[in-house]
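Subject: Structure handover

Hello,

Here is the structure I promised to pass on. Please open it next to this email and follow along.

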Amino acid sequence: MTSAAYADSLIAHRSGAGPSAVDPFALALNESPLPPLPAVRAALIDRMGAANRYPDFLPFRLRRLIADHAQVGEENVAIGSGASGLALRVFQTFATPGERIVLSTPTFDGFPAFARMAGLDLVDIPLDGDGHHDLTAMAHAAQHARMVVVCRPHNPTGTVEPVAEVERLVANVPADTIVVLDEAYIEFVSPGRRIDVSRLIARFPNVIVLRTFSKAYGLAGLRIGYALAAPALAGLLWSTQLPFGTGAGCTEAVAASYAAAAQLEQRIARIVAERSYLRARLHAAGARTTDSHANFVYLTAAERSWSEAFTGSGLRVRGYPDGAVRITVGSRASTLRVLAAVERALSGPAGAPRGRTRSAVRSMREPAPVGPAAMHRPAPTPG
Ligand SMILES: Cc1ncc(COP(=O)(O)O)c(C=O)c1O
């Protein structure tokens, strides 16, 4: 996908007035369905009263907060305009145009777009039939690449690769190949499945972990992301930190979010429970989803195309060229609308496989569909 196509497809979601905080139809961008926590909102309003003043020259306070929370040193942290801003900086800082980057396909649309902005050559490795990375093929391709990107949980399928397999990939790529481990949705993953990131970056100086406040923290509008890496890599990223580049209120919002950890945990638990409910109901209705550990579910196009199922429903979901659809987990009202659309589609004739998306389902025009071939994992169970 070109960066222009990426921008077009995102703008298509947001024509007219700005977004409203609560919108049961907005299920395309994996945002939080809830407005900011009261303490976060209060901190932001307070800071906006001095919006005539520049923010911090460099985000030292924010870096310290994040480092303490992630239990790493400040020298392990860089701050970005969302994880997106950091991904672009990582590609531009550590690769030169013409070098290769290995991506799974489909993946978060930003990665191919940013890789092209950085002039990199894309090597696309299809996911398997259950929406998992083919880590063996990725490690193989990475032998001749500058970078490889693994999303855990993956976007759009929500799957989580086992810790040992990710570590094996990291251990098997050349020492000067950078492994970007995207953890944009990590807060939705049960603690037992999380990677000990401070240990990972201490062991492997070629790993960069990307995280964001856009998803579980519900602060997509503030554009706060961060990278965790060994001091050499994090230091180089920090050296390209734009002066006054982290908006006023970001540090205060993060501090208030950390202070409200218990409330945030409740929100996350609520979304995880809603995801389980939605997956179970979809499964009972006969729709196949991948084993998602994030705040979205992914209807595969293995048996039928879902492209048209949401047309006329008013729901904004994310469609893929092969007919698969990714749906953000929202409120119970959103869930019921999704179920109604799916049940209506299932009661009609099966859609043609690999159909094109239209109207309510916005396709991001990703180049390749989910790979149908390698069905070597057991079928996922809901929940
Ligand atoms: C896997 C993944 N990584 C990174 C991002 C970028 O997040 P942001 O730039 O809002 O921090 C997204 C956003 O959807 C995502 O899905």
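Helix H4 meets helix H5 (residues 110-117) at an angle of about 40°, and their axes are 9 Å apart. Please keep in mind that this is a predicted model. Angles under 35 degrees count as roughly parallel, and 65 to 115 as roughly perpendicular. H4 and H5 are therefore oblique to each other. Their crossing is right-handed. On the H4 side, the contact is made by Ser84, Ala87, Leu88 and Phe91. On the H5 side, the partners are Gly110, Phe111, Phe114, Ala115 and Met117. By class, that gives seven nonpolar, two polar and no charged residues.

**The ligand**

H4 matters for the next item too. Which residues are closest to the ligand? They are Gly82, Ser84, Ala184, Thr212 and Ser214, out of 14 residues that surround the ligand. Helix H4 (residues 82-94) gives the largest share of this shell, with three residues. Ser84 thus turns up twice: it is among the residues closest to the ligand, and it is one of the H4 residues that meet H5. By class, the shell holds five nonpolar residues, eight polar and one charged.

**The sheet**

Now to the strands. Seven of them form an open sheet, in the order S1-S7-S6-S5-S4-S2-S3. The pairing is mixed. Which strands sit at the edges? Strand S1 (77-81) and strand S3 (121-126) do, and each pairs on one side only. Neighbouring strands are turned by 25° against each other on average, with direction ignored.

Look at the S3 end of the order. Strand S2 (residues 100-105) pairs with S3 in the parallel sense, over six bridges. To find the register, start from Val102: its bridge partner in S3 is Val123.

Then look at the S1 end. Helix H3 (residues 60-70) lies across S1 and strand S7 (224-229). H3 runs at about 120° to S1. The loop between H3 and S1 holds Gln71. Check the backbone there: phi of Gln71 is near 55°, a positive value in a residue other than glycine.

**Two cis peptide bonds**

Where are the cis bonds? One joins Arg152 and Pro153, with omega about -5°. Another joins Asn155 and Pro156, with omega about 20°. Pro153 is found in the loop between strand S4 (147-151) and H7. Pro156 is found in the loop between S4 and H7 as well.

**Two more helix pairs**

H7 also packs against a helix. Helix H6 (residues 135-142) and helix H7 (residues 163-172) pack at an angle of about 15°, and their axes are 9 Å apart. That makes H6 roughly parallel to H7. H6 passes H7 in a right-handed crossing. From H6, the contact uses Leu135, Met138 and Ala139. From H7, it uses Glu165, Leu169 and Asn172. The classes here are four nonpolar, one polar and one charged.

The other pair is helix H11 (residues 261-285) with helix H12 (residues 332-347). Their packing angle is about 15°, and their axes are 10 Å apart. H11 and H12 are therefore roughly parallel to each other. H11 passes H12 in a right-handed crossing. In H11, look for Glu274, Tyr277, Leu278, Arg281, Leu282 and Ala285. They meet Arg332, Thr335, Val338, Leu339, Val342, Glu343 and Leu346 in H12. This contact divides into eight nonpolar residues, one polar and four charged.

**Where to look first**

- H4: it gives three residues to the ligand shell and packs against H5.
- S1: it is an edge strand of the sheet, and H3 lies across it and S7.
- The loop between S4 and H7: Pro153 is found there, and so is Pro156.

Best wishes

Methods: Residues numbered from 1 in each chain as written. Predicted model: local features only at pLDDT ≥ 70, side-chain atom pairs only at ≥ 80, totals over all residues. Axes fitted to C-alpha atoms, helices over the stretch in contact; angles between N-to-C directions. Helix = DSSP H or I, 4+ residues; strand = E, 2+ residues; numbered from the N terminus. Parallel < 35°, antiparallel > 145°, perpendicular 65-115°, else oblique. Left-handed = near helix turned anticlockwise from the far one by under 90°. Contact = placed C-beta atoms within 7 Å. Nonpolar A, V, L, I, M, F, W, Y, C, P; charged D, E, K, R; others polar. Near = placed C-beta within 6 Å. Pairing = 2+ DSSP bridges.
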